[in-house]
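Thanks for coming, everyone. I have one model to walk through today. Take a look at it first.

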Amino acid sequence: MCGIFACFKNNSFPYSFNKFKEGNLLLQHRGPDDNNCIEFVNNENTIFFGHNRLSIQDISQNGSQPMYSHTGRYCIIFNGEIYNHKELRKLIENKKEIKWKSTSDTETLINLFELYYTDLHKFFNLLEGQ
């Protein structure tokens, strides 16, 4: 399974993104195929997310995380498997024109969320996985 690392900090606290990336590498044994970090900053706070990837569904670099939805509005780090993601892709394609970048179930999940974020009950009921 992948390794996920996160930190929420007040901007007055002296913890750098480089230090966070060093911490993320401590989970590399959980996901030896790739690791990436992302930083979200506003005036008062910073959120760091790190992901160490164990490639299962899509072993190409296109399945790397953090991953954005096709519009770039949403970002995801995911550890799990969506068993019915191929069927869900067809459902998404029937409602939106989309250019898939990967064959990853994570890309399916983030774009399904973008489609149903106003109806989370429906979103979760569509998912089969762990």
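**Cysteines first**

Start with Cys2: it counts as buried, because its relative accessibility is 10%. Buried here means under 20% relative accessible area, exposed means over 50%, and partly exposed is in between, with a 1.4 Å probe and protein chains only. Why is Cys2 not bonded to the closest cysteine sulfur? That sulfur belongs to Cys37 and is 14 Å from the sulfur of Cys2, so it is too far for a bond. Cys75 is in no disulfide either; its nearest cysteine sulfur, again that of Cys37, is 12 Å away. Cys75 is partly exposed, at 29% relative accessible area. A disulfide is a covalent bond between the sulfur atoms of two cysteines. The rule used is a pair of cysteine sulfur atoms within 2.5 Å. By that rule the count is zero disulfides.

Now the ground rules. This is a predicted model, where local features need pLDDT of at least 70, side-chain atom pairs count only at pLDDT 80 or more, and totals for chains, interfaces and linings use all residues. Residues are numbered from 1 along each chain as its sequence is written, and side-chain values use heavy atoms, with hydrogens and water left out.

**The overall layout**

The protein has four helices and five strands. These are DSSP runs, numbered from the N terminus: helices are H or I with at least four residues, strands are E with at least two. Along the sequence the pattern reads β-α-β-β-β-β-α-α-α. The C-alpha atoms fill a box of roughly 45 × 35 × 25 Å, taken along the principal axes. Of the 130 residues, 36% count as buried. Take the contacts with a separation of 6 or more: residues 24 or more positions apart account for 57% of them. Contact means heavy atoms within 4.5 Å.

**The sheet**

Which strands form the open sheet, and in what order? Three of them, in the order E1-E3-E2, with antiparallel pairing. Two strands pair if DSSP finds at least two bridges between them. The edge strands are E1 (3-10) and E2 (34-41), each pairing on one side only. Neighbouring strands of the sheet are turned by 10° against each other on average, direction ignored. Axes are lines fitted to C-alpha atoms, for helices over the stretch in contact; angles run from 0 to 180 degrees between N-to-C directions.

Helix H1 (residues 17-25) packs on this sheet. H1 touches E1, E2 and E3, and its direction makes about 145° with that of E2.

Go through the pairings. Eight bridges join E1 to E3. Ala6 stands opposite Phe49 in E3. On the other side, eight bridges join E2 to E3 (residues 45-53). E2 and E3 form a hairpin, with three residues between them. Phe40 stands opposite Ile47 in E3. Cys37, the cysteine from earlier, stands opposite Gly50 in E3.

**The loop after E3**

Leu54 lies in the loop between E3 and E4. Leu54 is partly exposed, at 30% relative accessible area. Leave aside neighbours within four places in sequence, and Leu54 contacts Met1, Cys2, Arg30, Gly31, Pro32 and Asp33.

Pro66 sits in the loop between E3 and strand E4 (67-68). The peptide bond from Gln65 to Pro66 is cis, with omega near 0°.

Gln65 leads us to helix H3, where Thr106 lies. Thr106 is buried, with a relative accessible area of 2%. Its side chain makes a polar contact with the side chain of Gln65, at 3.2 Å. A polar contact is a pair of N or O atoms within 3.5 Å; within protein, one must be able to donate a hydrogen and the other to accept it, and residues adjacent in sequence count only if both atoms are side-chain atoms. Beyond neighbours within four places in sequence, Thr106 is in contact with Gln65, Met67, Ile76 and Phe78.

**Helix H2**

Last stop. Which residues of H2 (residues 85-95) are buried? They are His85, Leu88, Arg89 and Ile92. These four lie on the same side of H2, because they cover an arc of only 105° around the axis. The arc is that of the directions from the helix axis to the C-beta atoms. An α-helix has 3.6 residues a turn, so residues three or four places apart point the same way. The buried residues of H2 pack against helix H3 (105-116) and helix H4 (120-126). The face turned away from the buried side of H2 carries the exposed residues Lys86, Lys90 and Asn94.
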